[in-house]
Amino acid sequence: MEIYGYKQCLWKLVLVAIGVICTGGFLLLLLYWMPEWSVKATCTQTSLKEAEVVLLRTTDEFKTWFRAKVYKLLSPGTDPMEDLEPRLSKSVENRHENHASGLSVNHSKALLLGKIPETEAVLIRYFAHHSVTYFWNNFLQNFKNLKGLSEGVSWSDFHGQHSVGLSKELEEYRKLFYGANEVEVKVPSVFKLLTKEVLNPFYIFQLFSVILWTFNAYYYYGAAIVIMSLISIVTSLHTVRKQYVMLHDMVAAHSIIRVSVCRANSEIEEMLSTDLVPGDVIVIPTNGTIMPCDSVLLSGTCVVNESMLTGESVPVTKISLPNPIKSSRGLEDDEIYNPEKHKRHTLFCGSTVIQTRFYTGELVKAVVFRTGFGTTKGQLIRSILYPKPTDFKLYRDAYLFLLCLVGIAGIGFLYTIINSVLNGVVVSTIIIESLDIITITVPPALPAALTAGIVFAQRRLKKLGISCISPQRINICGQLNLICFDKTGTLTEEGLDIWGIQRVEDNSFLPSEQNICKESLVKSQFMACMATCHTLTKIDGKLSGDPLDLKMFEETGWEMYDLPASYEIGIVKQFPFSSALQRMSVVARVLGEKHMDAYLKGAPEMVANLCKAETVPNKFSEVLNIYTKQGFRVIALAHRKLGSKLTWHKVQNVSRDVIESNMEFMGLLIMQNKLKPDSSNVLEELRKANIRTVMVTGDNMLTAVSVARNSGMILPQDKVIIAEALPPKDGQAAKVHWLYADDTSRHLDISSGASEVINIKVENEGSGDGLHQMNHYHFAMDGKSFSIITEHFQDLLSKLVLNGTVFARMAPDQKTQLVEEFQNVDYYVGMCGDGANDCGALKRAHGGISLSELEASVASPFTSKTPNIACVPNLIREGRAALMTSFCVFKFMALYSIIQYLSVTLLYSMLSNLGDLQFLFIDLAIILFIVFTMSLNAAWKELDPQKPPTGLISASLICSVLSQIFISAVFQTTGFLMVKQQTWYEVWTPNSDACSSSKLNLTLENNNTYPYDEKNIRNYENITVFFISCFQYLIVAIVFCKGKPFRQPGYKNYPFVVTVILLHTFIFFIMMFPAEVIDQALQLVCVPYNWRLTMLILILLNVVVSFVTETVLLDLILWKLVFKRQGLGVNHFTAIYKQEVLDRKGKRCLSFVFCSEKQKPRAKYMHLAQELLVDPDWPPKPKTITEAKKKPDENSASQIITISEQKIL
């Protein structure tokens, strides 16, 4: 973020106050909407060191502004990590509380400061933004957030200076900086939410309109708008507050507990978890607890459930941080602690400690290194509370469209003033009528009209089992053209099944075996490895742990006991699984034996490297590829007999590397993860609809590629290119190796075992030129390669995401980053996942849908009650229907405004207007009923390859709207001018009697008894314009209410059909067969029957011209013959490109209107795809290497970048 310093200016404040008074408070509203204006209008820029207010701006594409007040406090020091013990222990004679003018110092701070002379206290400046506090750093000359002990602290420091605990005084000192240790989600008061909602610009405009209508005695419609606005506000408040309450309840559960803290004097003190600060040493109770902070495990072992963070509700084992001082190699083994790298030693906030173990009976201790919103849980909650804005073209175009209407209103405003002044109209009437034309042109009912369509779509989604906590996202889902899927639990079943084993004997593979529980295998080393090499634990008498370990152990048919009563093999030492090492191992002893055995389990390639070469079969790689290419998850097992001199005590201190060496390869354990029944069909449906599908998983690369092939995400004829990136090393630049993975359509013959070798290989030959003709290739990479490419190959990254389909071994933050990369090239991204580890990606995506109703559902806009991906096409279909409904409503409301604007402008030319009840009939009886019923069209039954318009400013929509405006203007003006040419026409007076010349008197003999009409409402032009415009509203409603391919046809929307028929019938009868009561109420005059027939003919001609223009000229001839829209489904990029052509033409039209040459470029991924089609070097050829360009050293960017002082954190 960029940061600017400002200081309050008295004379600017005075000027703003005067401006607020003069504008009736509107200036205050404007400054509320624009925080950067409010700061610049009331403050002067200054250095950050002297700033009283800071102005922050994000560096992303949104450039969002925030303001924050700078606070001050007195402190004994500036660094929370410095040791103040010598100063705090000194006896200070003059003890008194220090207070400074304008400083807020609480009691605990005052007590702490009382131990230090006032002259030694320093002033600390800070501000808070999005639940993070930034303190002034003199060295950096900038504000910086505190990292606690998560950066730059070594293992030896944790076991040394940070293992003794803090004194009470030092804890209080650190609490000055870090605050209370709590992740608090405050539920805003109803008044605060109401104020924020009401101050929305739309509601302010509605308030202005209602006040204006009140002066004009137009009470009924004003009351209707107020009622609709109140309903909309109450609904919005209820939804927003419900989300806050849900998040608050999720976070508040067990967030404050009592903990035992070790003090520097070796005492143990009970305290609330809210008082913890980085550096505190806490005792983990033996019966478990919920971690209130991020901490490093110093001693003992913990079994932890991290479902809140990872989405996997299986216990994992955490071991203590190695102590380099006690190591045989001493400080050579010392490392800088990193929470991500050293997860197996870290207890994260929000995780549940189920069990603790310590073999010598000592306490299980951990050092706090992060608290509050700085913890992993806090960062997750912050990502939910303050998500990055989601850009959607519809809303941007909506403001442009309204700007056009404002421009049109401005013309009418000036015309009304000039015309009224020339005709000597009184000033008060000029003001009301000129402002009234603005409210006519910019419809105040537009927000309620748009909300109606979204509400109806939300109800339809609920019937499909999809709940929604962010209704505005429904429209965005209609534009989704790329969906990211998690694999396990989303595309595939949650659990794993044992397919079989393949043992090794005499350096060669035996045939595969599916029956593991054979008598001959019971006491084998292979079975012993399966029974012992795991981290399972018994909780309340039930086995818990990793699903793979659990399935493997259950397959052995063995039992597990905690007590040494009836077990045959005892586990002496565990080395838990590490994703970095890709393996786990145990030391075990058979009951009655003197020696111990080491068992190893892990990734086949890693295990083979740790085994004696002579024990690894020659066909190891070949057999391994047979299984991995067909989607099996393969685990390798190894064994080693340890010497009899290795005692129990020596095993506890031996290093992992010593145990995991010189192993003997025993064979492979083959497991399968089955696809869910609906996965393949859904992916096929999305592919036919030209919607890209991508797999983002934490699983193995080849397994993920195989699942992608089996599910249809990668077609059989398509090539897969694996991007394997290596970081810079020994002065060499980062590299990317390109490997072409050959596909196979054959399946493994279970009955034949591995005796039949299937040719699955990595291509070594061929130029790959054929791919340029086919253009059917997919990139696959793992999280490590993705991270390296993101850092060192920025120019390559956009090309990879364009055709990247499989992303394996991805961490939660990498999933979010990948979603952002897709969005950076202008994809509308959906994300479907089922775990809390998907929360960031679900929140960041344009449309995130959770298959779990647990933590992920709090962050995800949509949650499906059915745990399969069938909800994805349903969501897109409903999104498309809602989006098209929004377009229809927007077009209809625009035409309604313009038609009424034309009517009023024509009548203003003769100092007339529509009557109040005429306005009311149009606005309430016609417009509101039509708007709410036309929004009821259901979604089309299948996904169409054609893509919906990307925004309101598209060629199809602009041509449709402009053509209907032109037609309406022509027929209204024709009627307005024709009535003046009639033989019976005269300037209407209460004594006029045009009906006397009619063939039908229609029993209106008392037409000459009209009361005096001060506003000149009753006249022949008025009745002509009124009836023609009434039918025009209904005509455009029918014309715009389109169905296929995104919505059901209009004739299936029965409420809309009934409404249109009733309105047509009513208006037809009051026009052709007038009733005195209705004419008196609507202030209509009598006209000859012949003129009524003439109006009917004009209306029928209007119907024919409108329908022919919309359905024949625009839909059939222009779009299908000129742009050949029927070919949109042939190719993904071709389809989108042609739609982009239409949208760009619309942009050109708008640019011409605004006399602007600036055009927004089409989607970046489309432009990139066209470039790559003619690039002879893309895709990279097999077995080639791409090196990163060397860049000059740059300072790494932090969260805040100083522009005003040219500093970069």
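**Close-up views of a predicted model**

**View 1. Helix 15 and the glycine that comes after it.** Helix 15 is followed by G465, a residue whose phi is positive, near 85°. Helices (H or I, at least four residues) and strands (E, at least two) are DSSP runs, numbered from the N terminus. The structure shown is a predicted model, in which local features need pLDDT of at least 70 and side-chain atom pairs count only at pLDDT 80 or more, while totals for chains, interfaces and linings use all residues. Residues are numbered from 1 along each chain as its sequence is written, and side-chain values use heavy atoms, with hydrogens and water left out. Helix 15 (residues 446-463) has 18 residues and reaches 27 Å from its first C-alpha to its last, close to the 26 Å expected at 1.5 Å a residue, where the expected span is 1.5 Å times one less than the number of residues. Among the buried residues of helix 15 are L446, P447, I454, F456 and L461; buried means under 20% relative accessible area, exposed over 50%, and partly exposed in between, with a 1.4 Å probe and protein chains only.

**View 2. An open sheet of 4 strands.** The strands of this open sheet follow the order 12-17-14-15, with antiparallel pairing, and two strands pair if DSSP finds at least two bridges between them. Strand 12 (289-290) and strand 15 (315-319) stand at the edges with a single partner strand each, so one side of each has no neighbour in the sheet. Strand 14 (residues 301-305) pairs with strand 15 in the antiparallel sense over 5 bridges, and N305 stands opposite P315 in strand 15.

**View 3. Strand 33 and its parallel partners.** Because 5 of the 6 residues of strand 33 (residues 777-782) are buried, this strand is largely enclosed by the rest of the structure. Strand 31 (residues 719-726) runs parallel to strand 33 and is joined to it by 4 bridges, with Y777 as the bridge partner of K719. Strand 34 (residues 804-808) also pairs with strand 33 in the parallel sense, over 4 bridges, and here A780 has V806 as its bridge partner.

**View 4. The surroundings of T693 in strand 30.** T693 lies in strand 30 (residues 692-696) and is buried, with a relative accessible area of 12%. Leaving aside neighbours within four places in sequence, T693 is in contact (heavy atoms within 4.5 Å) with I483, F485, L683, L686, M713 and T805.

**View 5. The largest nonpolar core.** A nonpolar core is a set of buried Ala, Val, Leu, Ile, Met, Phe, Trp, Tyr and Cys residues joined through side-chain atoms within 4.5 Å. Of the 95 residues in the largest one, F892, M893, I926, I927, I930, F1026 and F1027 touch the most other members. Helix 31 (residues 871-908) gives the most to this core, with 19 residues.

**View 6. An aromatic pair between two strands.** The structure holds 32 aromatic pairs; rings of Phe, Tyr and Trp (its six-membered ring) pair if their centres lie within 6.5 Å, and planes under 30 degrees apart count as stacked, over 60 as edge-to-face and the rest as tilted. The rings of Y4 and W65 have their centres 6.1 Å apart and their planes at 35°, so this pair is tilted. Y4 belongs to strand 1 (residues 2-8) and W65 to strand 4 (residues 65-69), so the pair ties together parts that are 61 residues apart in sequence. Both Y4 and W65 are buried.
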